[in-house]
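Reader: Could you walk me through how the helices pack here, and what the labels rest on?

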Amino acid sequence: MSLLATGLPFAAVPLVAGLLSSPVGVAHYLVVGAILFTAGVVCMALKRNALGVLMGIELVLNGANVNFVAFSSPYLRGEGAASLGLDGQIIALFVILLAAAEAAVALAITLNFYNNHATVDIDRAEDLKG
Amino acid sequence: MMTTVLASVVPVAAVNWHSVLFLLFAAVACACAVAVVLADNVVRMAFYLVLSLASTAGLFFLAGAEFVGAMQLMIYVGGTLVLLVFGVMLTAQAPFVAIKTSPSDRVLAGMVGAALLAVLLQAAFRVEPWRRPATAAVAAPAATPIGMALLGVRADEPAAGVPAAAVRSGYLLPFEIVSIHLLVVLVGAAYLARAKRRRTPRAIDVAASSVGPVVTARQAARSSASALVPGGGR
């Protein structure tokens with residue numbers, strides 16, 4: 001226990017020190033985007049509340065947006081590497097706008113489902129089962 | 001104790017504050033995204049989602065995309081999530097606030113998620129040439145070029161490898177398509193979510209009932225729907 005309490009932080013010190021003193025690259029942003037995307041996919045697959053599925057969709061779109069912004073960033077670009085430039089930021093803006101539209105329609109469908117079935121449990125949406 | 005050890009390893013002058021802020025925002029964004037998955041209460045899920053998306057806006061600011069970050073805060077956090085919270089409030093009956101998932105589903109989803117994350121991380125670490133020591137890159141504010149591009153005029157520098165005389169398309173047509181799309185979507189959402197129950201009967205229904213015992217089409221559809229749906233009349 002004492003080894004765990006003292007040894008683990010000391011073992012993490014070089015890693016954290018390297019992260020704190022080295023500049024951030026595109027790979028850092030891609031890792032964050034991958035984690036957000038995976039959390040969104042698992043959230044979509046796991047939640048039984050329809051609003052939870054909606055939140056998973058928001059997380060997935062957000063993870064994709066992180067990648068777009070990272071590839072378009074002027075601070076993270078490699079010297080000779082091609083960059084998305086301004087296009088990436090504009091695509092990210094369009095993704096945000098379409099996510100807002102998607103959330104409005106999906107929420108309307110959810111409220112309609114709730115009005116007709118008195119539940120938001122998507123496992124009970126089985127009227128179309130043959 | 002860890003901070004003192006860190007201070008002895010990394011002198012304050014060598015600390016890259018850009019990296020420190022990046023680590024802060026990235027940790028909050030990822031931790032809150034995982035908390036959205038793990039939480040059962042839908043109200044807490046909405047709160048964690050607000051934190052995650054706001055931290056992502058911080059990441060956008062750190063990447064030099066200040067206009068996208070501001071739009072993320074205003075549209076996503078200020079608009080979309082308020083809409084989601086309204087949905088949570090409108091449907092927050094006691095049995096639906098926390099719908100449990102079965103443990104076997106959790107294990108299965110965890111395995112699938114871990115496999116997906118492994119693939120994505122492997123791809124993320126393979127973009128090695130993009131890493132470089134940060135020189136003092138100064139980027140122009142991006143709001144004006146974005147506005148010009150949405151009007152169909154490109155005012156930004158072309159990327160490396162693209163000849164300067166090449167015609168680069170603006171975004172006027174996608175801008176118009178998205179605006180029409182938003183209009184159609186909002187009309188459709190208002191139509192779908194409209195209130196169906198009327199407290200006072202419409203004039204046409206009153207006239208129809210005064211003629212005779214005629215069941216209106218709306219009432220017939222409602223009664224047949226509640227007969228089809230088990231428990232739909234609740």
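Author: Sure, starting with one pair: α3(B) and α4(B) are roughly antiparallel to each other. This is a predicted model, where local features need pLDDT of at least 70, side-chain atom pairs count only at pLDDT 80 or more, and totals for chains, interfaces and linings use all residues. Residues are numbered from 1 along each chain as its sequence is written, and chains are lettered from A and ligands numbered from 1 in the order in which they are written.

Reader: Why are α3(B) and α4(B) called roughly antiparallel?

Author: Their axes cross at roughly 175° and come within 8 Å. Angles over 145 degrees count as roughly antiparallel, under 35 as roughly parallel, 65 to 115 as roughly perpendicular and the rest as oblique, so the label follows.

Reader: What classes of residue make up the contact of α3(B) with α4(B)?

Author: It has 18 nonpolar, 3 polar and 1 charged. Nonpolar covers Ala, Val, Leu, Ile, Met, Phe, Trp, Tyr, Cys and Pro; charged is Asp, Glu, Lys and Arg; the others, Gly among them, are polar.

Reader: What makes α3(A) and α3(B) roughly parallel?

Author: α3(A) and α3(B) pack at about 10°, with their axes 11 Å apart, and therefore they get the roughly parallel label. Among the residues that meet are A:Leu51 and A:Met55 in α3(A), and B:Val42 and B:Leu49 in α3(B).

Reader: How much of chain A counts as buried?

Author: 48% of its 130 residues; buried takes 20 or more other C-beta atoms within 10 Å of a residue's own, exposed 12 or fewer, partly exposed in between. Chain A has 4 helices and 0 strands.

Key
Axes are lines fitted to C-alpha atoms, for helices over the stretch in contact, and angles run from 0 to 180 degrees between N-to-C directions. Helices (H or I, at least four residues) and strands (E, at least two) are DSSP runs, numbered from the N terminus. Two residues are in contact if their C-beta atoms, placed from the backbone, lie within 7 Å.
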